[in-house]
Amino acid sequence: MNFDEAEEQDGIRFSWNYWPSSRLDATRNLVVPLGCMYSPMRKNPNTPIVYYEPVYCKGACHSVLNPMCTVDARAKLWVCPICYQRNQFPPHYADISETNLPAELHRQYSTIDYCLPTRSPPPPPIFLFVVDTCLPEAELQSLKDSILLSIALLPEKAQVGLITYGAMVQIHELGFSECPKSYVFRGNKEVTSQQIQSLLGLSSSSSRGNNQAPLSSSSSLPPHQQPPSASKVNGFLVPLSECELTLTSILEELQHDPRPLKSDRRPLRATGVALSSAISLLETTNAGTGARVMLFAGGPATDGPGIIVGDELKEPIRSFSDIIKDKAKYVSKSTKFYEALSKRAVTNGHAVDIFACSLDQVGLLEMREVVKKTGGLSVLADSFRDAMFRESYKHILSNAQNLGYNATIEVATSRELKVCGAIGQLASLNKSSPSVAETEIGLGNTSSWKACGLDPASTFSFFFEIVNQNTQQQQQQPPAIIQFTTHYQNALGQFILRVTTVSRPWADPAQGLGPLSYGFDQETSAVLMARLAVFKGDNMEDTADILRWLDRMLIRLVNKYATYQKDNPSSLDLPPNFSIYPQFMFHLRRSHFLQVFGNSPDEVAFFRTILNRETVSNSLVMIQPTLEAYSFAGPPAPVMLSAVSVTPDRILLLDTFFAVVVHTGDTLAQWRKAGYADDPAHANFKQLLDAPRGDAASILKDRFPYPRYIECDQNSSQARILTSTIDPAITHTTPAGPQDQVIFTDDVNMKVFTEHLKKLAVSSAQ
């Protein structure tokens, strides 16, 4: 089956593309959960855009008219394929006929965008900058330069605001142009929305902004149908065209936090109060309107609520060892504080982005829920002068026209299956419906979720279960149907409803496991399993237990779908659709998503956050990095991610998604150092050196977040990134030739892993 074709058309890929016809068959045969990866803003030039309201089913499913519906053109009726409710077409569909169908009924338009009409002018997107001033002068200047350069990249009608913080928090009134004016709050005590409203002089009539209520499961009207507000304009969130000079002036004159700092102390940083103030300001003035809070943090919070570490340098910041031993005294309380902030942001439809740039940890572990639940973006770098920050930040604002805001995603299913839950950068709206399953996977017990920030790469995992009990009856039924409806505000302030309706055929039990095997997507399944493993890790399950769970699932899958003779490992043969899946699981077990040794809590939180938002193809690069070889023997070619691929006469290009490494073999490195690349007589050698750099540049160009770029030679210190990633096929305990790359590790290699897998899968005990 061509799984890429479905992803190209609808932005969706399923782990299984033939479905068992009963709950019993599903329990027996679906080792990997039935799920999908869905990208609601994936660009497809063939997706039609219509400028009218959708037609909804009057039944309990409340689904949208789609190509799967049964249409009676003469009677002007349509039957919902999800709940089988008969519905009358509205009056403006009076001319419908078998040869004159609206776009939403055409088979090729299983995904369609509705640009919804509004009663009031569309609200502009809002960008609220929260800037840390406890930075060294060079760092602060680099950050200011990046923000100043980015102003020109913002959407033309965008509104902007500015909050700076150190020991104190300052909310700048950009609408006051006579001189710089700001309101100062103490950093050791949280400021409530009511205090913000009172002290900043924001009347209650302005507390709703352009929309009177946030979009939630209990809203009586969606934002595009709400009446215009009579709110007065506040001076803290101002159209960029009206405050560009004021904002530029404030940023140019922004100084390092003036509080004196002793040599044995950390700067007092009120990150928690600053972020709380930003959310309170948006909550008070623009609830329900698309907005992004962009937090630039150059160190850990050391004061007030949300503290990560004390200000004394003799107190080390928490490590995984401290967390496991329950010696991290701030983690629990601070995590709860940021979780509370995330709930407020979700309620009001505001996304939070975090740019953490410091050689020390900033507290991304504690703050991760603010990013995850609001659909925000995160960047982790060593410095604001680092290309990882500068290019990532530029990428966001250069593509600001492709961002979505304040989105809700609803899932409706036909009666044969139910939705178990979702995993990704979203929050549950706790909406009960006939489509909700009793089994909970991820964020379950709901059919509706909120994602305050969206972009074309935003991808969510949804899990389903078959609930039909009668196999014979099911064979006479049409295919099961799933409909995704995503409502969001785009960069122009327009409200878009994307409707994706998909179905998959039932597997005939008479054909055994053949159809299920044929429809298995091993790439999507590997990513779904990775997200489930990370979800377990984020919920503090023991790493050893997660690894054992992955091993059991892999053994069961191979035992179920491979052909073999009992107790004969050499006879085992996997179908083509399963052949690479064990490799994915091998590399997942060794990845920094599960193996936290050598990584800080902030780094692991960052890696897991990115995995939970990326597409299938990008996620696979994170799980099993790609390795390409360059040599005089032939053109560039992919090679095994193994120690046997490392030779002195090769240049290797490693892409781990988070890092791009150009690794030069010993022989070629010596030639380069001898100056052969500068000799016109050896132009082909120079071309060989330049080829991987050019390919690396093309990878770096479109990657978000911008990866770390490293050029290194074999056996140098930076080469450890390559040697720690590849399969340790040659170690200090195995025979090795003089030119072999020896990996000093006790980790099991792929060969041993596969041998044990075969032995356990064919065992009579299974």
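C61 is buried in this predicted model, its relative accessible area being 17%. Although C83 carries the cysteine sulfur nearest to that of C61, the separation is 3.5 Å and C61 takes part in no disulfide. Because a disulfide requires a pair of cysteine sulfur atoms within 2.5 Å, this pair does not qualify. C179 is likewise unpaired, because its sulfur lies 15 Å from the closest cysteine sulfur, that of C243, which is too far for a bond. C179 is partly exposed, with a relative accessibility of 40%. In total, the structure contains zero disulfides.

The nonpolar interior was examined next. In soluble globular proteins, nonpolar side chains tend to be buried together. The largest nonpolar core comprises 131 residues, and W16, W19, F462 and F464 are the members that touch the most others. Helix α14 provides the largest share of this core, with 10 residues. Leaving aside residues up to four places away in sequence, F464 is in contact with F14, L34, G35, C36, V411, T413, L417, K418, V419, C420, I482 and F484. Another core lies apart from the largest one and holds 37 residues, including F127, F129, L135 and A158.

M553 is located in helix α14 and is buried, at 12% relative accessibility. The C-alpha atoms of M553 and V32 are 7.3 Å apart in space, although 521 residues separate the two in sequence. Beyond residues up to four places away in sequence, M553 touches V31, P33 and M529. A buried position is also found in a loop: E173 lies between β10 (168-172) and β11 (182-186), and its relative accessibility is 14%. With residues up to four places away in sequence again excluded, the contacts of E173 are K181, S182, Y183, G235 and F236.

Helix α16 (601-611) is mostly covered, 10 of its 11 residues being buried. These buried residues are P601, D602, V604, A605, F606, F607, R608, T609, I610 and L611. They include the charged residues D602 and R608. The buried residues of α16 pack against helices α7, α9, α13 and α17 and against strand β15.

The largest pocket has a volume of about 1600 Å³. Its lining consists of 49 residues, with H592, F597, G598, N599 and S724 closest to the centre. Two or more lining residues come from each of β15 (378-381), α15 (581-590), α16, α17 (616-623), β29 (708-713) and α20 (720-723). By class, the lining of the largest pocket comprises 24 nonpolar, 16 polar and nine charged residues.

The second largest pocket has a volume of about 880 Å³. It is lined by 34 residues, and those nearest its centre are R368, G537, D538, N539 and M540. At least two lining residues are supplied by each of α7 (320-324), α8 (331-348), α9 (364-374), α13 (522-538), α14 (543-561) and α16. This lining divides into 16 nonpolar, eight polar and 10 charged residues. Helix α16 thus contributes at least two residues to the lining of the second largest pocket, and two or more to that of the largest pocket.

Several positions were distinguished by backbone geometry. Most residues other than glycine have a negative phi, and most peptide bonds are trans. The peptide bond from F704 to P705 is cis, with an omega near -5 degrees. P705 is situated in the loop that connects α19 (683-702) to β29. Positive phi values occur at D326, where the angle is near 60 degrees, and at N406, where it is about 50 degrees; neither residue is a glycine. D326 lies in the loop between α7 and α8 and is exposed, at 67% relative accessibility. N406, in contrast, belongs to strand β16 (residues 404-413) and is buried, with a relative accessible area of 2%.

Terms used:
Residues are numbered from 1 along each chain as its sequence is written. This is a predicted model: local features need pLDDT of at least 70, side-chain atom pairs count only at pLDDT 80 or more; totals for chains, interfaces and linings use all residues. Side-chain values use heavy atoms; hydrogens and water are left out. Buried means under 20% relative accessible area, exposed over 50%, partly exposed in between (1.4 Å probe, protein chains only). On a 1 Å grid over the protein atoms alone, a cavity is a set of points where a 1.4 Å probe fits but cannot get out, and a pocket is an open set with protein on both sides within 12 Å along at least five of seven lines; lining residues have an atom within 4 Å of a point. Grid points are joined across faces, edges and corners, and a volume is the space filled by probe spheres set on the points. Helices (H or I, at least four residues) and strands (E, at least two) are DSSP runs, numbered from the N terminus. A nonpolar core is a set of buried Ala, Val, Leu, Ile, Met, Phe, Trp, Tyr and Cys residues joined through side-chain atoms within 4.5 Å. Contact means heavy atoms within 4.5 Å.
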